[in-house]
Structures are given as C-alpha cells and as structure tokens.
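This report describes the structure shown below, going from the whole chain to its cores, its enclosed spaces and a few individual residues.

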Amino acid sequence: MTETGGRRPGRAWIARLGPRGEVDLDRAASPRAVVEDAVARVGADPVRWAIELNSVVVRRIVGEVPALGGSPAAVELLRRGNEATTLRALFTLVDGPAAAPPTDEAILEGIHEFVHRAVPLERVLHGVRIGHAATTEAFLRACAELVDPEVAVDEVTAISRELFSYVDDLSDTMIRAYLVEHEVWSTSAAAARADIVRSLLSDATTTDVGEASRVLGYDLRRTHEAVVVWSDAPNGSSTLQAAATEALRARGATTMLVVPVASGRLWAWGTVPSEGTVPSDGTVPSDGTRRTGSWETIAEALSRQRTQAAFGTPGGGVEGFRRSHREAQRGERVERLRREAGRVPRHATAYADVAAIALLATDLDAAGDFVRRELGGLATRSASMEALRTTLYHYIGAERSLVDVARRLHVARGTVTYRVKRAQEVLGHGLDDRRFALHTALALAEELGDAVLQPRDVTER
C-alpha cells in the first residue's frame, strides 16, 4: 500500500493496519466523501480496520448502556458518530492533533438525539468511556503486533497519552454541545409535550388530565389506540409522522398525538370509537356510515413508506392511553425478534394478533428452555427440521386438515403426510400428548426462530 506523505516519524505501522475479516468500504456508516477523504489520508486498509472496530465498539456500548440505542436507526446514528471519532483518532495519531477536522456533524447529531430522548449526560459520558477503552485497547494491541519490540514500549506509551488527550478534548466538546442543546430543547414546546407524555406513561403520575389535554392539544379522556412507528433510516421523522397519521386515520382516528422519541422511531395515539364499536374484521367506523381501510391496506401503505408499525388495542382514558402504548411496544418487540430470526417483516402488527407470543416471550431464556424441552430433536437448527416444525405447526392449527396445510404451504398432500409422520418420529410421541404445549412451542419457534431454538449465550456471540 502506498503511504500518504507528512506522517509522523515512527507511525508507519498504522499503514499496515487491516481488518481481521472481509470489510467493504461500502459498509462504512460515514458518507462516501468522508470515507474517500479518510482513504486518501491514511490508506484503505486502516479505514477498513476502523470500520470493523467501530462495529465491535458500538455493540459493546449499546450492550452496556442500552439507553444509547433505542431503535435500529438510533444505533445507526451512534455507529456513524463513533466511526467519525475512530477516524479522527487515526488522523490524530498519524499527523498530530491539528490534523483532525473539527467535530464531525454526525457526533453533534448524536448529542442532539440523546438530549431529545432525555438520555442523561452521565450515560452519554459512560458510553464515551466505554468506546474510548475499547478503541484504545484495539490501537494498543495493533501497535504491539506491528511495531518493532525495541521501540514498542515507547510507542505504546505515546499512543496511550495521545488518545487520552484526544478523548479528553472530545468529551469537553460533547459536554458543551449537550448543555447548549439541552438549554434550547428544555424551553421548547416539543420538550414540554414529551415530558407530559412520559409523565402520563408512568403509573405513578399525578398529572392533571385536563391541563395535560390542553397543552397536548389532545383529549386524554377519550378512547385511544396507540401505535409505535419505526424505520431503519435515520432522520426520517417527517416520513414517520406521515406514516403514523395515515395509519391512525385508516384506523378511524379523529384526532392524533405524535411524539418522536428516537431517530427512526416515534410514538403516536389516535382517538378512536370506543372498543365496543370495533368490528371483528379489523376495520373501524370513522363516522357511523363509512368504513376505513383494512389491516392489509394499512400494511401496504406502510410498506410504500418503508416503515413498520405496531398497534395496541383501544383503551379509554389515561389508563387506556398507557395500556395501548405498552401493547404497541410489545408488538414492536415481537417484530424485532422476528426480524432477528430472519422472518419476513410485517409492516403492520396488531397486538391482538401477537399477544400470546409477546407474553410468552417476555422471558426469552425461559421461553427458549420451554421450546427446546417440548420439541426435543425437532428444535435442531436445520432446513429439514424447520420444514417439519412449520408443517406440524400448521397441521395442528388446521385441525389436521391435509388439504388446508398443503394449500397454505404450497406443497403436495403427500409431502404434508410425510413431514407430519417424520415430525412425530423425531418427537417420540403422538400429537395428542401435551398438544397445547406442543402447539405453543411450535408457535414460538415459528415466530422467533433462533431466539428460542438456541440458548441466548449462543445466539448473542
């Protein structure tokens, strides 16, 4: 690799940094122009090394300080900011502190995000310390591997000192940015609305409902249906708000309350007809004479907007406001678990349709133990066992109708017969033995995949 000019004496080893795995520059969280500039300054392999390191560090930060995550888009924003700090560290070590550009916009975006989500400054700084420790460890390990042993001690000492100084300056910048944004945000109407909503969602709230309704411009004494809307794309708040508004209107809402809570994620509520007026086909009367769109129509609209949404069931008053929101969050969690399992995403998820799975998956470790105990060898991770599980799940649900299962799975009746017979052989008992437990375990495996088929310490490696 050709080295760039102007590097500090003794730092040629940085040009030999490289990722342990295959890392494409397109995997970078930073904009293409930033990546190209970094490659020009330090070389392609060191940039790939930084991208790989950033992914590891961000996982560690979110694992130890979950509040810094919050949604896939929020994690992506964190990844972008942390990648900027890692590249700046590279520039600092190669060409000195003066070579690092001013604080990257992505870092400031992350600070604004944390303030708006009411993430305390101490947690932000905790995340900075975790990231600094992991990044410094990686630099020191690479230095020890690549530098001549005769000068390694001096180089390691210098690297530690320079990275500490760099992070110290960065922390000061982030603290100032946080305090400035916090002062602006805390006096805004949006912050007041968000604070009221968080207070309402607390079971211990003593908020004056009438005053809260006035400030929010939303009558809390009505019947509410909550929805959580999210997208993998950061900074898509206008798209999310449009999606939430359209979905709630389709559900029959006459007034709405929308509260962005993280990059790529928001909460919303709509006042809908009382629970007794919701028909069983999933549509809601909007004015007594006109029907609104079905769940399929809502899902299609959300799909066009590249968003997903989970809906709670309608509930009256402040308690219904809270309960419907909790249900929407549980529905969102089920959908995220399904995504991790590689399932096809559902753009619209009604809590009523996933309530059993949501409740059973509250304790994933216990749910996994239950699934593996009930299914035995049928819980093995393989394409053949998955086909047997899916077929048996639908077979029991269809009251053993070969025709219905064959039509649903698009296979021949003979294939269904074979799979059911083979599944019973693997189970070692008939379908009437512990039928409810068996069907429940199959439902969990069908929805959540590896989250319940393998112990957590395996799936999280």
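## Overall make-up

The protein chain has 19 helices and six strands, and the coordinates come from a predicted model. Of the 461 residues in the protein chain, 48% are buried. When contacts between residues at least 6 apart in sequence are considered, 71% of them join residues at least 24 apart. The accessible surface of the protein chain comes to about 22,100 Å², and carbon and sulfur atoms account for 52% of that surface.

## Two nonpolar cores

The largest nonpolar core holds 53 residues, among which Trp 13, Trp 49, Leu 68, Leu 90, Val 124 and Phe 139 touch the most other members. At least two residues of this core are supplied by each of α1 (32-42), α2 (44-64), α3 (72-95), α4 (105-116), α5 (121-146) and α6 (149-186). Leaving out residues up to four places away in sequence, Trp 49 touches Leu 17, Gly 18, Pro 19, Ala 138, Phe 139 and Ala 142.

A second core, separate from the one just described, comprises 38 residues, including Leu 364, Tyr 395, Val 420 and Ala 443.

## The largest cavity

The model contains three cavities of 30 Å³ or more, and the largest cavity encloses about 360 Å³ of space. Its lining is made up of 26 residues, of which Asn 82, Thr 85, Val 128, Leu 170 and Met 174 lie nearest the centre of the cavity. Helices α3, α4, α5 and α6 each supply at least two residues of this lining, and each of these helices also gives at least two residues to the largest nonpolar core.

## The second largest pocket and His 394

The second largest pocket has a volume of about 550 Å³ and is lined by 21 residues, with Arg 346, Asp 353, Tyr 393, Arg 408 and Glu 447 lying nearest its centre. Two or more lining residues come from each of α10 (295-304), β6 (348-350), α12 (351-360), α14, α15 (402-409) and α17 (435-448).

His 394 is placed in helix α14 (residues 383-397). Is His 394 buried or exposed? Its relative accessibility is 17%, and because the limit for buried residues is under 20%, His 394 counts as buried. Apart from neighbours within four places in sequence, His 394 is in contact with Val 405, Arg 408, Leu 409 and Glu 446; of these, Arg 408 is also one of the residues nearest the centre of the second largest pocket.

## Helix α11 and Leu 448

Helix α11 (residues 317-340) has 24 residues, which at 1.5 Å a residue should span 34 Å, and its end C-alpha atoms are 35 Å apart, so the expected span and the modelled one agree. Just after α11, Gly 342 takes a positive phi of about 80 degrees.

Leu 448 has its place in helix α17 and counts as buried because its relative accessibility is 0%. Leu 448 and Glu 335 are separated by 113 residues in sequence, yet their C-alpha atoms are 8.9 Å apart in space. With neighbours within four places in sequence left aside, the residues in contact with Leu 448 are Val 334, Leu 337, Arg 338, Ala 341, Ile 357, Ala 361 and Leu 364. Among these contacts, Leu 364 is also included in the second core.

Methods. Residues are numbered from 1 along each chain as its sequence is written. This is a predicted model: local features need pLDDT of at least 70, side-chain atom pairs count only at pLDDT 80 or more; totals for chains, interfaces and linings use all residues. Side-chain values use heavy atoms; hydrogens and water are left out. Helices (H or I, at least four residues) and strands (E, at least two) are DSSP runs, numbered from the N terminus. Buried means under 20% relative accessible area, exposed over 50%, partly exposed in between (1.4 Å probe, protein chains only). Contact means heavy atoms within 4.5 Å. Accessible areas come from the Shrake-Rupley method with a 1.4 Å probe; for residues, only the protein chains shown count as cover. The expected span of a helix is 1.5 Å times one less than its number of residues. A nonpolar core is a set of buried Ala, Val, Leu, Ile, Met, Phe, Trp, Tyr and Cys residues joined through side-chain atoms within 4.5 Å. On a 1 Å grid over the protein atoms alone, a cavity is a set of points where a 1.4 Å probe fits but cannot get out, and a pocket is an open set with protein on both sides within 12 Å along at least five of seven lines; lining residues have an atom within 4 Å of a point. Grid points are joined across faces, edges and corners, and a volume is the space filled by probe spheres set on the points.
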